[in-house]
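Student: I would like to learn how to read a protein model. Could you show me how to begin?
Tutor: Gladly; let us look together.

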Amino acid sequence: MWRKLLFSARYATLRIALSNDVTRESRILYHRQIQERVKKIAPFITFDRDAYLVIAQGGRLFWIIDGYTTSNRYPYSEPTQRLGNYIRNSVKAVVDAYDGSVNFYLSNPEDPIILAYAKVFPGLLKPLETMPEDLRAHIRYPQDLFVVQAKMYSTYHMQDPQVFYNKEDLLSIPRKAVEQQEPEIGRMMGRATERDIDPYYTIMRLPGEKKEEFVLLLPFTPNKKDNMRAWLAARSDPPHYGKLIALDFPKAKLVYGPKQIDAR
């Protein structure tokens, strides 16, 4: 009865205290949102905004969410919004969709920050090799990290100092109209009617490869123009997981960009 009264106060309802269906064997589930759950366990890790659901070999469902170590004190490094100027995808969190159990796997053993946390909290982070193979097959490159890398690449792909100084070959992420189906985005952006397009997952055969693979792709356009100048792809399939590949299109040839394809 004491526990029933405490939970009744916690959830502001008398139904728990008065119900005969709540027994000693009953369990109350809380912190059930994926983002909230993993942040309660590891508040020192910044988590990707997109958790995704996968099916294990036996049909059991699991949520996978990428975690980052971040800092705003890394010297001589350009900062980015929300994530500071240092980011590493060092953690893969797996949440059982049935019982809510959470496992954290160390995906970047070369990151000094996550290694320090692993020593502070021994047993919290497991080696990635111990993740069940049927789940490891579903690991994908994280979107939030890729967006940061793409924005940095749009400027720092220029290797010649003179070209870099004059911003002669500056790339831009294409923009798309904020449609009526996205009113919340329209409210956040005020009067703006466009926003950067999101990178998207697709299956394609990269140049020089013999078979298709699962990649995260984002096109680039020349600065303030609509034709496509390049694209950047992040690979998710082993043994090339985590590698980025960029393809530049010739400047003398017109390749339609997203806006032009949409108009056609």
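Tutor: Start with the salt bridge: a side-chain nitrogen of Lys or Arg within 4 Å of a carboxyl oxygen of Asp or Glu. Residues are numbered from 1 along each chain as its sequence is written. This is a predicted model, in which local features need pLDDT of at least 70, side-chain atom pairs count only at pLDDT 80 or more, and totals for chains, interfaces and linings use all residues, while side-chain values use heavy atoms and leave out hydrogens and water.

Student: How many salt bridges does this rule give?
Tutor: The count comes to 15. In one of them R60 pairs with D99, with the closest N and O atoms 3.7 Å apart. This pair links distant parts of the chain, 39 residues apart: R60 is in the loop between β2 and β3, and D99 in the loop between β4 and β5 (102-106). Strands (E, at least two residues) and helices (H or I, at least four) are DSSP runs, numbered from the N terminus.

Student: Which other residue does the side chain of R60 meet in a salt bridge?
Tutor: That is D96, at 2.7 Å from N to O. Because R60 lies in the loop between β2 (52-55) and β3 (61-71) and D96 in strand β4, the pair ties together parts that are 36 residues apart in sequence.

Student: Are R60 and D96 buried or exposed?
Tutor: Buried means under 20% relative accessible area, exposed over 50%, and partly exposed in between (1.4 Å probe, protein chains only). R60 counts as partly exposed because its relative accessibility is 36%, whereas D96, at 6%, counts as buried.

Student: What about D66 and K92?
Tutor: They form a salt bridge, their closest N and O atoms being 2.4 Å apart. It joins strand β3, which holds D66, to strand β4, which holds K92, across 26 residues. D66 is buried, with a relative accessible area of 1%, and K92 is buried at 1% too.

Student: Which residues are linked in a network of salt bridges?
Tutor: D169, R229, D248 and K251 are linked in this way.

Student: Where is W2 found, and is W2 buried or exposed?
Tutor: W2 is in helix α1 (residues 2-11), and W2 counts as exposed because its relative accessibility is 64%.
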